[in-house]
Amino acid sequence: MATSGDSAPDFTAPLANGDIESFTLSERLEDEAPIVLAFFPGSFTGVCTDEMCTFQDRLANFNELDATVYGISRDTPFTLNEFRDQNDLEFGLISDLNKEIIDEYDLEMDFDDLGVYGVAKRSVFVVDGDGEITYSWVSDDPGVEPDYDEVEAAVEELA
């Protein structure tokens, strides 16, 4: 599992930002680091909506620290754009439809009772300009949200 001190696994995936464009982590580091990668199981679910809306509510704080926030889930980029629109999210959401990023970061979880398999564990990584993970938080309980103050403090340490 990716953790603090590791090099962040690089990836290229569709980015839903109102449009759909290609996103490559390593290409974004120079201009956008620190980067907060917030993995979530799925759009339009209660806790995931709360989490992404909380990141939106705190987005000004991250912007002041010159950090960039991205959400990541297995939803299609079209679904993610609708999720962004309905929740007035101003940050981009990365589509990991084929779960390649989830596999690279070793974050796969299943909801057997719902018949849902291979979604992301709720987790947050802060990646610095050199591509190093400087903060990681992974929950085995999808009902638990990250400690947003802790994430912000990890970003502030890089400022």
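**Start at a strand pair**

Select V36 and V126. V36 stands opposite V126, which belongs to strand 8. Keep in mind that this is a predicted model.

Now widen the selection to both strands. Strand 3 covers residues 35-39 and pairs with strand 8 in the antiparallel sense. Five bridges hold that pairing.

**Strand 8**

Select residues 123-127. Is this strand enclosed or open? Five of its five residues are buried, so strand 8 is largely enclosed by the rest of the structure. Look at the two faces in turn. In a regular strand the side chains alternate between the two faces of the sheet. On one side of strand 8 sit S123, F125 and V127; V124 and V126 are on the other. Both faces are covered.

Next, add residues 133-138. This is strand 9, and it pairs with strand 8 in the antiparallel sense over five bridges. Two pairs are worth labelling. S123 stands opposite V138 of strand 9. V124 has W137 as its bridge partner.

Follow the chain from strand 8 to strand 9. The two form a hairpin, with five residues between them. Stop at G131 in the turn: its phi is positive, about 85°.

**The whole sheet**

Zoom out and colour the strands. Seven of them make an open sheet in the order 2-1-5-4-3-8-9, with mixed pairing. Which strands are at the edges? Strand 2 (20-24) and strand 9 are, and each pairs on one side only. Neighbouring strands in this sheet are turned by 25° against each other on average, direction ignored.

Move to the strand 2 edge. Select residues 12-16, which form strand 1. Strand 1 runs antiparallel to strand 2, and five bridges join them. Label A16 and I20: A16 stands opposite I20 of strand 2.

**Helices on the sheet**

Select residues 77-87. This is helix 4, and it lies across strand 1, strand 2, strand 4 (68-73) and strand 5 (92-95). Helix 4 runs at about 155° to strand 5.

Then turn to helix 6, which also packs on the sheet. Helix 6 touches strand 3, strand 8 and strand 9. Its direction makes about 10° with that of strand 8.

Within helix 6, residues 148-158, pick out E152. Is E152 buried or exposed? With a relative accessibility of 16%, it counts as buried. Show its contacts beyond four places in sequence: R58, N61, F62 and L65.

**Helix 2**

Select residues 46-57, the stretch that forms helix 2. Check its length with a distance between the end C-alpha atoms. They are 16 Å apart, which agrees with the 16 Å that 12 residues should span at 1.5 Å a residue.

Now show the buried side of the list: C48, T49, E51, M52, T54, F55 and Q56 are the buried residues of helix 2.

Centre on E51. Its relative accessible area is 0%, so E51 is buried. Display what surrounds it. Leaving out residues up to four places away in sequence, E51 touches A38, F39, F40, R122, V124, E145, P146 and Y148. You met V124 earlier, on strand 8.

Shift to M52. Outside its neighbours within four places in sequence, M52 is in contact with A38, F40, G71, F83, L89, F91 and L93.

**Two cysteines**

Select C48 and C53. What keeps them from bonding? The sulfur of C48 is 11 Å from that of C53, the closest cysteine sulfur, which is too far for a bond. The structure holds zero disulfides. The two also sit in unlike surroundings. C48 counts as buried, at 2% relative accessibility. C53 counts as partly exposed, at 22%.

**The cores**

Finish with the nonpolar side chains. How many residues make up the largest nonpolar core? It has 25. V36, M52 and F55 have the most contacts inside it. Several elements each supply at least two residues: strand 3, helix 2, helix 3 (59-64), helix 4, strand 8, strand 9 and helix 6. Helix 6 gives the largest share, four residues.

Another core lies apart from this one, with 22 residues. Select A2, A8, I102 and A120, which are among them.

Notes
Residues numbered from 1 in each chain as written. Predicted model: local features only at pLDDT ≥ 70, side-chain atom pairs only at ≥ 80, totals over all residues. Heavy atoms only, no water. Buried < 20%, exposed > 50% of the residue type's maximum accessible area, 1.4 Å probe, protein only. Pairing = 2+ DSSP bridges. Contact = heavy atoms within 4.5 Å. Axes fitted to C-alpha atoms, helices over the stretch in contact; angles between N-to-C directions. Disulfide = S-S within 2.5 Å. Expected span 1.5 Å × (residues − 1). Core = buried A, V, L, I, M, F, W, Y, C linked by side-chain atoms within 4.5 Å.
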